[in-house]
Amino acid sequence: MLDDVLPYLRCPVCERALERFADTDAGSLVCATGHRFDVARQGYVNLLPGGAKPGTADTAEMLANRAAVQAAGHFRPVADALAAQVAAHLPPEAALVLDVGAGTGYYLANVLDEAPQAVGLALDISKHAARRAARCHPRAGAVVADAWQPLPVQDTSARAVLNVFAPRTAPELRRVLHEDGVLAVVVPAPDHLTELVEPLGLLRVDDDKAADLRRNLAPSLVLLGEQHVTYPTRMTRDEVVSVAGMGPSAWHTDSASLAARAASLPDAATVTVSVHLMIFRPG
Ligand SMILES: C[S@@+](CC[C@H](N)C(=O)[O-])C[C@H]1O[C@@H](n2cnc3c(N)ncnc32)[C@H](O)[C@@H]1O
Ligand SMILES: [Zn+2]
């Protein structure tokens, strides 16, 4: 819950520590200067400074699609590989795992299952994501914040940062990462969901995502190890529509058009999941 991660948070306006304030049932968080942020009924807190426009936030529908695809187990091998890598780098004592662009909190929850000493902070610009992520795991809390702006997280506080199919800026990830911490990034490989690109008009993955990532994070974060996770998964037509409707293509094509395009597909299809899992450490 939110209180588990409170010591790691900071005020997005003045950067001072945040404390609980029991003014309403759900309460709020307040800093020593007096900036106050209401805790939502669903347990997350919105730490976007006033006036921020969450233009790239995933919608409720995208989150529902993502949750359905994850619940069906299609990304389970990715979650398992990520959890194993991250848990192996965590210390035996209490530690923060921060997930930037956490979505439903699926990957964070899997890491926390493998790391009983850790607490998790799910950060996402979408309140629909924060709502779901706030209940993804008993040791997780969720905040609404913008990954492109200074993160509302204390310096060097995270022993691990996750960044799965989500935006990032190297200086902020480096700032919040502990000197012995690791950053785990998952990016799609060029053949990710390749069978669906033509029939559903999905956006193609840029060939050089992994190389771009290494370049963009250097020199503050250096590559420690890399794993290509790839496997076929069998999806129903509904799941195919959901997987298309949870990703970047959902911004360009509405769900009715995706469903119409999917009508030409067989009842079930074999789809390739193919991602690069990369582990970085502070340089
Ligand atoms: C493709 S989804 C990945 C979600 C999750 N990591 C997963 O793989 O299931 C990208 C997520 O990044 C979030 N997002 C987009 N722009 C963001 C920003 N500027 N700051 C924080 N999160 C952002 C979206 O709301 C969405 O939940
Ligand atoms: Zn403040």
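This is a short talk on the two ligand sites in the structure above.

Okay, so before anything else: what we have here is a predicted model.

Let's start with ligand 1. It sits in the largest pocket, and 19 residues surround it. Which ones come closest? Those are Thr56, Gly101, Asp124, Asp146 and Ala147. If you sort the whole shell by character, you get ten nonpolar residues, five polar ones and four charged ones.

Now the polar contacts, and I'll go through three that involve nitrogen atoms of the ligand. Thr56 brings a polar side-chain atom to 2.8 Å from a ligand nitrogen. Asp146 also uses its side chain, with a polar atom 2.8 Å from a nitrogen of ligand 1. With Ala147 it's the backbone that takes part: one of its polar atoms is 2.7 Å from a ligand nitrogen. And how much of ligand 1 does the protein cover? On its own the ligand has 600 Å² of accessible area, and the protein covers 94% of that.

Right, on to ligand 2, the zinc ion. Its protein donors are the SG atoms of Cys11, Cys14 and Cys31, plus ND1 of His35, at 2.2 to 2.3 Å. What's the geometry? Tetrahedral, with angles of 101 to 116 degrees among the four donor atoms. And if you want to find these residues in the sequence, look for the spacing C-x2-C-x16-C-x3-H.

How values were computed
Residues are numbered from 1 along each chain as its sequence is written. Chains are lettered from A and ligands numbered from 1 in the order in which they are written. This is a predicted model: local features need pLDDT of at least 70, side-chain atom pairs count only at pLDDT 80 or more; totals for chains, interfaces and linings use all residues. Side-chain values use heavy atoms; hydrogens and water are left out. A residue is near a molecule or strand if one of its heavy atoms lies within 4 Å of it. A polar contact is a pair of N or O atoms within 3.5 Å; within protein, one must be able to donate a hydrogen and the other to accept it, and residues adjacent in sequence count only if both atoms are side-chain atoms. Accessible areas come from the Shrake-Rupley method with a 1.4 Å probe; for residues, only the protein chains shown count as cover. On a 1 Å grid over the protein atoms alone, a cavity is a set of points where a 1.4 Å probe fits but cannot get out, and a pocket is an open set with protein on both sides within 12 Å along at least five of seven lines; lining residues have an atom within 4 Å of a point. A molecule sits in a cavity or pocket if more than half of its atoms lie within 2 Å of its grid points. Ala, Val, Leu, Ile, Met, Phe, Trp, Tyr, Cys and Pro count as nonpolar, Asp, Glu, Lys and Arg as charged, and the others, Gly among them, as polar. Donors are N, O and S atoms within 2.8 Å of the metal (3.2 Å for Na, K and Ca); water is not among the atoms, so sites may look incomplete. Four donors count as tetrahedral if all angles lie between 85 and 135 degrees; four count as square planar and six as octahedral if opposite donors are over 155 degrees apart and all others between 65 and 115; anything else is irregular.
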